[in-house]
Amino acid sequence: LYEMAVGRTPFQGETTLILSRHLFVPVKPLRQSAPEGREVPSALDELVQRMMAKDARDRPTAAQVRERLLG
C-alpha cells in the first residue's frame, strides 16, 4: 500500500540495511514521501502509518484495514 501510494518502497539499500530499517526506523509519512504533485489523503497516511507500526500490537487487524478502506 505504501509503494502504491508513493511509487517506491519505504526503505532502499542493501538487504541487511533494509531489514534493519524495517525493525528500527519509523517509516516516513506518505505525505512526506509522495512525489511532488501527488496528493495523499490524511486518512490514508494515518492508516498506512498504523499498518507499519513496529509493534504488532499497534497495527490494525485485516478486518479493521478493510473497514477503513471501504468506509
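Is I18 buried, exposed or partly exposed? I18 is partly exposed, at 23% relative accessible area (buried is under 20%, exposed over 50%, partly exposed in between, using a 1.4 Å probe and protein chains only).

A quick note before the views: this is a predicted model, where local features need pLDDT of at least 70, side-chain atom pairs count only at pLDDT 80 or more, and totals for chains, interfaces and linings use all residues. Residues are numbered from 1 along each chain as its sequence is written, and side-chain values use heavy atoms, with hydrogens and water left out.

**View 1. I18 in helix α2.** This helix covers residues 15–24 (helices are DSSP runs of H or I, at least four residues, numbered from the N terminus). Setting aside neighbours within four places in sequence, I18 touches F11, Q12 and G13 (contact means heavy atoms within 4.5 Å). L47 sits 29 residues away from I18 along the chain, with 22 Å between their C-alpha atoms.

**View 2. D45, a buried acid in helix α4.** Helix α4 takes in residues 42–51. D45 has no salt bridge (a side-chain nitrogen of Lys or Arg within 4 Å of a carboxyl oxygen of Asp or Glu). The nearest side chain of opposite charge, R31, is 4.5 Å away (Lys and Arg count as positive, Asp and Glu as negative; His and chain ends are not counted). A polar atom of the D45 side chain does lie 2.8 Å from the backbone nitrogen of L30. Beyond four places in sequence, D45 is in contact with P29, L30, R31 and V40.

**View 3. M4 in helix α1.** Helix α1 spans residues 2–6, and M4 is exposed, at 69% relative accessible area.

Terms used:
Helices (H or I, at least four residues) and strands (E, at least two) are DSSP runs, numbered from the N terminus. A polar contact is a pair of N or O atoms within 3.5 Å; within protein, one must be able to donate a hydrogen and the other to accept it, and residues adjacent in sequence count only if both atoms are side-chain atoms.
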